[in-house]
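Visitor: Mind if I quiz you on how the labels here get handed out? I'd like each one set against its cut-off.

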Amino acid sequence: MPELPEVETICRYLRDGTATQPAILNRVIFDAQILWARSLATPLVEEFYRRIRGQSITAINRRGKFILFSLTTDTLLIHLRMSGDLLVEPADLAPLTHHRALINFQDGMRLAFNDPRKFGRIWLVEHPALVIGGLGPEPLDDHFTAADLYERLRSTRRRLKPLLLDQSFLAGLGNIYVDESLHLARLHPLEVSQRVSLEQAIRLWASIRQSLNQAILRNGASIDWVYRGGEFQNYFRAYGRVGQPCPECGTPIQRITVGQRGTHFCPQCQQLMG
DNA sequence: CACGAGACCTGTTCGC
DNA sequence: TGCGAACAGGTCTCGT
């Protein structure tokens, strides 16, 4: 499910709690179970069990699409990839079909990692930089400026869509928010980054931040069978709207494939520069 | 260097 | 109704 706004939403749910699930900050870990071996990236499962036991959750943060749980001595990182989700529930429930890992707390609750497609990954490390060190800037960070984006765009000749999906270029965007940001900025997904002017870069920078901020305000997007209460899917401008009118000009939204990803854009508003 | 294809996985939806 | 194909919010690795 998750791109930056959805991961941010889940992060807040875990930190602050919701109407249906309690916050898990400061809980003490009793033990853990890995139900699908490949969900654990590192360390080996026995060491994971041994090290995580007895640590408590001192902070919950997001970096790009990673969720970082600061523990007493280590950091637990979880990437939800395509279909992952995190649930807080009583530890005595029988695991659901798609539960891949369980972190059991001393107070009888547990954090369950549910992931039908099994692409998600878990790391337990002393130094999180080992996992997230290669990420590009955080798009909503005050330190990330339009000038930064312009400079980064100029440093390569890649097409905008695959470039913005590259987490080492910018952290957190995925298929939805790249399409939404490019539409808002009126830039073609196949435009070459080096041809983007300063003015266009400023527009793209503002569009990325606006898309992400609006999505976070609506608790992210919920599509298909994964519904977490987010409502941003009702405000999509381009993503998933093939054949429907562009909100700016009414031209039907087109779908092409770029780097094996479905790509949605308005052929009128988003034209390649000649 | 930049891009495309194939892997990793399961589930849903679409077209005939 | 049934069945295969296409598709899905991600990322890695390999070959050209």
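Guide: Let's start with burial: buried means under 20% relative accessible area, exposed means over 50%, and partly exposed is in between, using a 1.4 Å probe and protein chains only. One caveat: this is a predicted model, where local features need pLDDT of at least 70, side-chain atom pairs count only at pLDDT 80 or more, and totals for chains, interfaces and linings use all residues. Residues are numbered from 1 along each chain as its sequence is written, and side-chain values use heavy atoms, with hydrogens and water left out.

Visitor: Why does Tyr-239 count as buried?

Guide: Its relative accessibility is 19%, and the label needs under 20%, so Tyr-239 counts as buried. Tyr-239 lies in the loop between helix 7 (198–217) and strand 10 (254–258); helices (H or I, at least four residues) and strands (E, at least two) are DSSP runs, numbered from the N terminus.

Visitor: What is Tyr-239 in contact with, leaving aside neighbours within four places in sequence?

Guide: Contact means heavy atoms within 4.5 Å. On that basis Tyr-239 touches Asn-175, Ile-176, Asp-179, Glu-180, Ile-223 and His-264.

Visitor: And what makes Ser-56 buried?

Guide: Ser-56 has a relative accessible area of 19%, so it is buried. Ser-56 sits in the loop between helix 2 (45–52) and strand 3 (57–63). Outside its neighbours within four places in sequence, its contacts include Asn-26, Arg-27, Ser-70 and Thr-72.

Visitor: How do you know that the reach of helix 7 is close to the expected one?

Guide: The expected span is 1.5 Å times one less than the number of residues. Helix 7 has 20 residues, the expectation is 28 Å, and its first and last C-alpha are 28 Å apart. Its buried residues include Leu-204, Ile-208, Leu-212 and Ala-215, and what covers the buried ones includes helix 1 (4–16) and helix 6 (175–185).

Visitor: What makes something a cavity?

Guide: On a 1 Å grid over the protein atoms alone, it is a set of points where a 1.4 Å probe fits but cannot get out. Grid points are joined across faces, edges and corners, and a volume is the space filled by probe spheres set on the points. The count is 2 cavities of 30 Å³ or more, and the second largest has a volume of about 40 Å³.

Visitor: How does the lining of the second largest cavity divide into nonpolar, polar and charged?

Guide: Lining residues have an atom within 4 Å of a point. Here they come out as 9 nonpolar, no polar and no charged, among them Leu-76, Ala-101 and Phe-113. Ala, Val, Leu, Ile, Met, Phe, Trp, Tyr, Cys and Pro count as nonpolar, Asp, Glu, Lys and Arg as charged, and the others, Gly among them, as polar. Strand 8 gives the largest share of that lining, 3 residues.

Methods: Chains lettered and ligands numbered in written order. 1 Å grid on protein atoms, 1.4 Å probe; cavity = no way out; pocket = protein on both sides within 12 Å on 5 of 7 lines; lining within 4 Å.
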